[in-house]
Amino acid sequence: MFTFSLTLVRHGETLYNREKLLQGQGVDTLLSEAGLQQGEAVGRYLRDIRFNSVFVSNLQRAIQTAEIIMRNNTHCAGREMILEPLLREKGFGIAEGRPREDLKNMANAAGQSCRDYTPPGGETQDQVRLRFKKFLKVLFKQMLDEHGWSGPDASAGASGAGDAADGTEAAASDVTVGPSADDGLQGVSLHALAVSHGAYIRVAIRHLVEDLNCSLPAGVKMSHLFSPCPNTGISRFILTLRRSESGPVLSAARCVFTNRKDHLENLTAAE
């Protein structure tokens, strides 16, 4: 068995986000001033997590966010991010660069919900899900190539997650009581970070929960679980692999939290 954590982070705000314009893959914008501040906030929040691998969408808004997170991190000096096209945002075809309201109008005209509608030239939900499934295979191979099936001593898990570990499983799984940046990491010594995009992360979470039967935190509301991820929102899963004849496969998955934005509340308070 091989267990590690996967922390998903959405990129910071861009001007397109602020103006409620669709970016997708064809509009490759940089972070706004607010987005840079959000990046610094999430970087400070995750500063003590010892990320062993950092995967990043190769779009500029994700790269900028990852650079800020790594610069703030006390363990990432000298580590190189892995640019991964499989983490790119969902493609919105002809709707890219246009107001989100246009996408809703297109969906209404087609008699479909906005979530299920695919504009001409765009990606379907199933196509995005397939990309995430391919990313999981890349992730599993990278983690195993770097650390092997044995991995570091599991007893080093708490220190690998930073000094704030409280060692209680209840705190790790209950996001409503004293949420901490290292929730879920106690006893886990390997950690991966993936910086991606809102629509993509929403599909990824649905795949982990609905298709892979990921266990959920006690009392979690499904409306929150599948809600849109805010800019620099954080989600975390604990994944366990097992050997099979066809290669490593997922044996168990646990959701620690989704769409956390505590670091943004602190940012607002600081302002």
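The sulfur of Cys 214 lies 5.3 Å from the closest cysteine sulfur, which belongs to Cys 255, and this is too far for a bond. The structure examined here is a predicted model, and the distance just given should be read in that light. A disulfide is a covalent bond between the sulfur atoms of two cysteines. Because a pair of cysteine sulfur atoms has to be within 2.5 Å to count as a disulfide, the separation of 5.3 Å between the sulfurs of Cys 214 and Cys 255 does not qualify. By this rule the count for the model comes to zero disulfides. Cys 214 is itself buried, with a relative accessible area of 6%, and Cys 76 is likewise buried, at 5%.

The next residue to consider is Gln 23, which is placed in the loop between α1 (15-18) and α2 (33-45). Although Gln 23 sits in a loop, it is buried, with a relative accessible area of 6%. If its neighbours within four places in sequence are left aside, Gln 23 is in contact with His 11, Thr 14, Tyr 16, Asn 17, Thr 29, Arg 61 and Glu 96. The C-alpha atom of Gln 23 is also separated by 8.6 Å from that of Ala 95, a residue 72 residues apart from it along the chain.

After this loop comes α2, a helix of 13 residues, which at 1.5 Å a residue should span 18 Å; its end C-alpha atoms are 19 Å apart, in agreement with that expectation. Several residues of α2 are buried, among them Ala 34, Gly 35, Gln 38 and Gly 39, and the buried residues of this helix also include Ala 41, Val 42, Gly 43 and Tyr 45.

Two further residues stand out by their backbone angles. Most residues other than glycine have a negative phi. Thr 232, however, has a positive phi of about 65° although it is not a glycine, and Asn 259 has a positive phi of about 55°, again without being a glycine. Thr 232 lies in the loop between α9 (222-225) and β5 (234-242), whereas Asn 259 is found in strand β6, which covers residues 249-260.

The table gathers the relative accessible areas of the buried residues discussed individually above.

| Residue | Relative accessible area |
|---|---|
| Cys 76 | 5%, buried |
| Cys 214 | 6%, buried |
| Gln 23 | 6%, buried |
| Thr 232 | 0%, buried |
| Asn 259 | 4%, buried |

Conventions:
Residues numbered from 1 in each chain as written. Predicted model: local features only at pLDDT ≥ 70, side-chain atom pairs only at ≥ 80, totals over all residues. Heavy atoms only, no water. Buried < 20%, exposed > 50% of the residue type's maximum accessible area, 1.4 Å probe, protein only. Helix = DSSP H or I, 4+ residues; strand = E, 2+ residues; numbered from the N terminus. Contact = heavy atoms within 4.5 Å. Expected span 1.5 Å × (residues − 1).
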